[in-house]
Amino acid sequence: MITWVALVVVVLMLASAVAVLLLRSFVAAVAASSVVGLGLTVLFVLMRAPDVAMTEAAVGAGLSGVILALALRRLGLWHIEAAAEDRDRA
Amino acid sequence: MRNLASLLFAGGLAFLLLAIASQLAFGTPSMRVGAEILAVAPDEVGAANLVTAVLLGYRGIDTLGELAILFAAATAAGVVLGRRHANARRDPPGGEVLRTGADLLFPLLLVVGLYVIAHGHLTPGGGFQGGVILAAAFFVIILAQPTRHLRHSLISWIEGLAGAAFILIGLWALVEDGDFLAPLLGQGAMGELLSAGTLPLLSLAIGLKVGAELAGIMAHIAEAEAPDA
């Protein structure tokens, strides 16, 4: 049972890791990279390492995603609603 | 030329990894130290959570090294992102839902973070995890209301005092016990909140330091001026 759960999580992680490379939107790529960390958290819980899982959830899934997202904003690549406004302006 | 160089580099790295992998079978040499610590730690340190016993009791100086690395990273981020034009555009505040949600989340995250820090020697968690949760609590507020900014002087005071407290506890143990960061103050009853000697104090110092540092880094990046789109 646990093997199947782990298998699903691993496939999800691989899919989102590939998605990071293929997605055109930077915001979506950052979100996908957080999903990799989230999957790793689940794997750590399955392997009965709750301490590591908490660290991974906080740093891998949360903090690194936030820092990447803030870096996108700093570089002016953060476009969700702004894309429509830009089109109107241009 | 550059492609050739990167190909050479990747090839060399693969060769090194293969050389190491061919010499070592997976999982050998077996690390016996884990079993030894499992057998000895409950009586020696008195922490119900053995991971914390290892992190703060047996490998405290490793943890100090991690704190030093984090400090260097926070300082570098502050140096690189520190400047901001006085008239730079600030982000508009979030909507009503976002602001109310942030105000509701803030005390909750604060309590969870302090709980995780205080129970680091009893349940999974500890200074680092709790510190990140504390940093998240302050960062949620900044996200909802960008005009409200963190006082960086206060943050660096908390950070410095917590780091100094960690080292001072270590030096105190060096004087008292002869080993840097050796657990002091007696073990107490395992499973009690006040047990495992100085481990809760070290955990609190780490939590405050990590929380202040990460909140500082994120506030720095968030306050950095965004280019006009």
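**Exercise 1. Place B:Glu96 and B:Arg99 in chain B and describe how their side chains meet.**

Solution. Start with the element: B:Glu96 and B:Arg99 both belong to helix α5 (residues 96–118) of chain B. Helices here are DSSP runs of H or I with at least four residues, strands are runs of E with at least two, and both are numbered from the N terminus. The two residues are three residues apart, about one turn of the helix.

Next, take the side chains of this predicted model. B:Glu96 and B:Arg99 form a salt bridge, with 3.7 Å from N to O. The term stands for a side-chain nitrogen of Lys or Arg within 4 Å of a carboxyl oxygen of Asp or Glu.

Finally, check the accessibility. B:Glu96 is exposed, at 54% relative accessibility, and B:Arg99 is partly exposed at 30%. The classes are buried for under 20% relative accessible area, exposed for over 50%, and partly exposed in between, with a 1.4 Å probe and protein chains only.

**Conventions.** Residues are numbered from 1 along each chain as its sequence is written, while chains are lettered from A and ligands numbered from 1 in the order in which they are written. Because the model is predicted, local features need pLDDT of at least 70 and side-chain atom pairs count only at pLDDT 80 or more, whereas totals for chains, interfaces and linings use all residues; side-chain values use heavy atoms, with hydrogens and water left out.

**Exercise 2. How many salt bridges does the whole structure hold, and are B:Glu213 and B:Lys209 buried or exposed?**

Solution. Over all chains, the search returns two salt bridges. B:Glu96 with B:Arg99 is one of these pairs. The side chains of B:Glu213 and B:Lys209 also meet in a salt bridge, at 3.0 Å from N to O. Because B:Glu213 and B:Lys209 are four residues apart in helix α8 of chain B, about one helical turn separates them. Both B:Glu213 and B:Lys209 are buried.

**Exercise 3. Describe the interface of chain B and chain A.**

Solution. Begin with the contacts, meaning heavy atoms within 4.5 Å. Chain B contributes 21 residues, which touch 16 residues of chain A.

Then take the area. The size of an interface is often given as the accessible area lost when the parts come together. Chain B and chain A bury about 1,600 Å² between them, with 69% of it on carbon and sulfur atoms. Buried area is the accessible area (1.4 Å probe) that two parts lose on being put together, summed over both.

Now locate the side of chain B that touches chain A. The elements giving two or more residues to this side are α6 (127–144) and α8 (199–223) of chain B. Its largest share, five residues, is from α8(B). By residue class, this side of chain B has 16 nonpolar, three polar and two charged residues. Nonpolar covers Ala, Val, Leu, Ile, Met, Phe, Trp, Tyr, Cys and Pro; charged covers Asp, Glu, Lys and Arg; the others, Gly among them, are polar.

Last, count the polar links. The rule finds zero salt bridges across the interface of chain B and chain A. It finds three residue pairs in polar contact there, both residues at pLDDT 80 or more. A polar contact is a pair of N or O atoms within 3.5 Å; within protein, one must be able to donate a hydrogen and the other to accept it, and residues adjacent in sequence count only if both atoms are side-chain atoms.

**Exercise 4. Which residues does A:Thr41 touch, not counting residues up to four places away in sequence?**

Solution. A:Thr41 sits in helix α2 (residues 26–46) of chain A and is buried, at 12% relative accessible area. Beyond the excluded places, A:Thr41 touches A:Ala53, A:Glu56 and A:Ala57. A polar atom of the A:Thr41 side chain lies 2.9 Å from the backbone oxygen of A:Gly37.

**Exercise 5. Summarise each chain in turn.**

Solution. Chain B has eight helices and zero strands. Of its 229 residues, 37% are buried. Among the chain B contacts with a separation of 6 or more, 72% join residues 24 or more positions apart.

Chain A has four helices and zero strands. Of its 90 residues, 27% are buried. For chain A, residues 24 or more positions apart account for 49% of the contacts with a separation of 6 or more.
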